[in-house]
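Work through the exercises below with the coordinates open. Each task is followed by a solution in steps.

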Amino acid sequence: MVDSSPAARRSQQLSSPNGSGLSSFLTENRNTELNHQNALAAAQAEHERVREAAIRTFQEHMMQEEQKRQRERHESILLQQRRELERIRTEEYIRAEEERLRALKAKTVPNLPPAPEPQASPAEVNGSDPSRHAAQQVAAPKATPSTPEPSTAVKNPFAQANGTGTAQSPQPTLPNPFKKTESIPQLTIQPTTQPTTQKASPTTLSAQAKPFTPTGLQQNGVSAPGSTKPPVAAGTDRYVEIHKNLKKLRASLLQQAKLSPPLKKRLGDMRREMRKNMGQLTGEKGGNKKQIAAIQVLLDESLSGSVPSELIDPSNFVTDQREPVDGALHNEPKLPSLFLYLLNQFSKTVINQFIDECGAQPRTANPIGVVAAMVFSHDRYLWRGKTLIDILMAKFRVVCPVLFGYHGSEKTDAGRQQLGWKRGESGAWIPEQQHSDRMKGLGAGYAAIALRNFSLSKYNSPWPPTHYWKAIADIVNTPAAEMSDTQCIVLRAIIEDSEIKFIQFYGNAAIAALRKALVEFPNNAQAKSPGVFGLQVLAQMMKQNLGVDL
């Protein structure tokens, strides 16, 4: 209607279908006191509902947090219990070994009675009785210089101690004790049987070798320091040749990549993926499975031939001559150059991580060493049944020659070069602290690779603990006048945090070697440098933390 009020028209237009809601809200009594009270009551009820819901959620959250704290506390207690149990087991083991060592030291072997003079016989007159020669050999050191028998019948004392002497030795010669591989104790599950042999041998040597006054072997199996420079072990110069061959291999791959688009496309990606996965390693047990699988995928891809590369002779990258072996996966005379290149890049990454990450924190070397040993021990990456870890050791030889028996003076350029002291970009030698950190990381890394226990693995160790023993022997046998601080730093790095593993492999022989390295070697130093002091401190730490009094 024309005369209708605007409010009435708006009410009709906004009315709800059910006759309530907005139309009732817009009625004339919407501003009454009762209507306001109803609205306030509804708002108060909603507020209480939200508040109760918030309080309930807060209480549930606090309960969850309390349960989480309880679980973490429980796990922490269990972890501390495991550590204490491990500490107790270690102390008990070391205590038992020390008791065995003391018992062996207290044990003496009585001397044999003098042999009776045999009756002369026609066989002896003709010189055909071997027992007569044996009797002459036993009595030879006691004979006077005027008799001719000692010059033809004295046995080599080192050969007799090792069971390699013959009944008749016309010309006794004194071999270099550093080359006797028998002086290195062999690995055994029960190392407690080793000290018996090692204890008896020096007694025999000292009794028979008196006329010669040779540089003998000590009870710990480590050759005694001599006045001459210890010879470099065979094959170490070969590592320098391998290192040069690896540089040529890298140049060859870059040249191949220019002519092969598929190789050029994958070469850089493989190298970056290798470096990325190695950089993601963690110290958690089982936390590196994904990274190891990714590295193996790259190596398998290079072996499969899906990325074409030239075939080359792997003998250019190993120290020994190899022949085909029955059952080996790769007996062919040549392997893809891309595979060897990736092993080279893997080794380079391992060395760089030892240098960059393990100098300040040596314990971080363990996961890197685990992965390195795992890769080089896998049967798919062997050549003619043997590992290709010489590629990695060639890099160790160049950056840390001390591990391979080299030494020199840190005051001369030639000596620093011999010790592996690096030059900076300007051509000057890097600072002493930086050099020290490099050597610490490399020493810890070497120990992390060499002291791996493969007794429960189906593969063989690519770098057995005998190399670890030899590295220690090469350092401690350096004459006192030629000792360097670098040697002391590397020696401490390969021993620290690895004492228990070393003792587990060699038993009492390891304790004797540690005494030689941490007590006798620094005591013989002419200058008490920080490196020498560090060895003495490590000996005290072993006494406090492990209960081993050297």
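Helices and strands here are DSSP runs, of at least four residues for a helix and at least two for a strand, numbered from the N terminus. The model is predicted.

**Exercise 1. State how many helices and strands the protein has, and what share of its residues is buried.**

Solution.
- The protein has 21 helices and two strands.
- Of its 550 residues, 39% are buried.
- Among contacts with a separation of 6 or more, 69% are between residues 24 or more positions apart.

**Exercise 2. Locate histidine 330, decide whether it is buried or exposed, and list what it touches.**

Solution.
- Histidine 330 sits in the loop that runs between strand E1 (311-312) and strand E2 (335-336).
- Its relative accessibility is 14%. Buried means under 20%, so histidine 330 counts as buried.
- Leaving out residues up to four places away in sequence, histidine 330 touches Leu303, Leu335, Arg380, Leu382, Trp383 and Arg384.
- The side chain of histidine 330 also makes a polar contact of 3.3 Å with the side chain of glutamate 332.

**Exercise 3. Explain why helix H14 is described as largely enclosed.**

Solution.
- Helix H14 covers residues 390-399, which is 10 residues.
- The buried ones are Asp390, Ile391, Leu392, Met393, Ala394, Lys395, Phe396, Arg397 and Val399.
- Because nine of the 10 are buried, H14 is largely enclosed by the rest of the structure.

**Exercise 4. Classify the crossing of helices H19 and H20 and describe the residues in their contact.**

Solution.
- The axes of H19 (residues 499-506) and H20 (residues 508-523) come within 6 Å of each other and cross at roughly 130°.
- That angle makes H19 oblique to H20. The class applies because the angle is neither over 145 degrees nor within 65 to 115.
- On the H19 side, the contact is formed by Phe502, Ile503 and Tyr506; on the H20 side, by Asn508, Ala509, Ala510, Ile511, Ala513 and Leu514.
- Sorted by class, this contact has eight nonpolar residues, one polar residue and no charged ones.

**Exercise 5. Give the number of salt bridges in the whole structure, then compare the surroundings of the partners in two helical pairs.**

Solution.
- A search of the whole structure returns 17 salt bridges.
- In the first pair, the side chains of glutamate 98 and arginine 102 form a salt bridge with an N to O distance of 3.1 Å.
- Glutamate 98 and arginine 102 are about one helical turn apart, because four residues separate their positions in helix H3 (residues 33-106).
- Glutamate 98 is buried at 19% relative accessible area, while arginine 102 is exposed at 57%.
- In the second pair, lysine 470 and aspartate 474 form a salt bridge at 2.8 Å, N to O.
- Lysine 470 and aspartate 474 both belong to helix H17 (residues 465-476), four residues or about one turn apart.
- Lysine 470 is partly exposed at 28%, and aspartate 474 is buried at 15%.
- The spacing fits a general rule: an α-helix has 3.6 residues a turn, so residues three or four places apart point the same way.

**Exercise 6. Characterise the salt bridge of lysine 543 with aspartate 549, and name the residues that shared partners join into one network.**

Solution.
- The side chains of lysine 543 and aspartate 549 meet at 3.9 Å, N to O. The cut-off is 4 Å, so the pair counts as a salt bridge.
- Both partners are partly exposed: lysine 543 has a relative accessibility of 43%, and aspartate 549 has 49%.
- Elsewhere, salt bridges with shared partners link Glu84, Arg87 and Glu91 into one network.

Definitions and conventions
Residues are numbered from 1 along each chain as its sequence is written. This is a predicted model: local features need pLDDT of at least 70, side-chain atom pairs count only at pLDDT 80 or more; totals for chains, interfaces and linings use all residues. Side-chain values use heavy atoms; hydrogens and water are left out. Buried means under 20% relative accessible area, exposed over 50%, partly exposed in between (1.4 Å probe, protein chains only). A polar contact is a pair of N or O atoms within 3.5 Å; within protein, one must be able to donate a hydrogen and the other to accept it, and residues adjacent in sequence count only if both atoms are side-chain atoms. Contact means heavy atoms within 4.5 Å. Axes are lines fitted to C-alpha atoms, for helices over the stretch in contact, and angles run from 0 to 180 degrees between N-to-C directions. Angles under 35 degrees count as roughly parallel, over 145 as roughly antiparallel, 65 to 115 as roughly perpendicular and the rest as oblique. Ala, Val, Leu, Ile, Met, Phe, Trp, Tyr, Cys and Pro count as nonpolar, Asp, Glu, Lys and Arg as charged, and the others, Gly among them, as polar.
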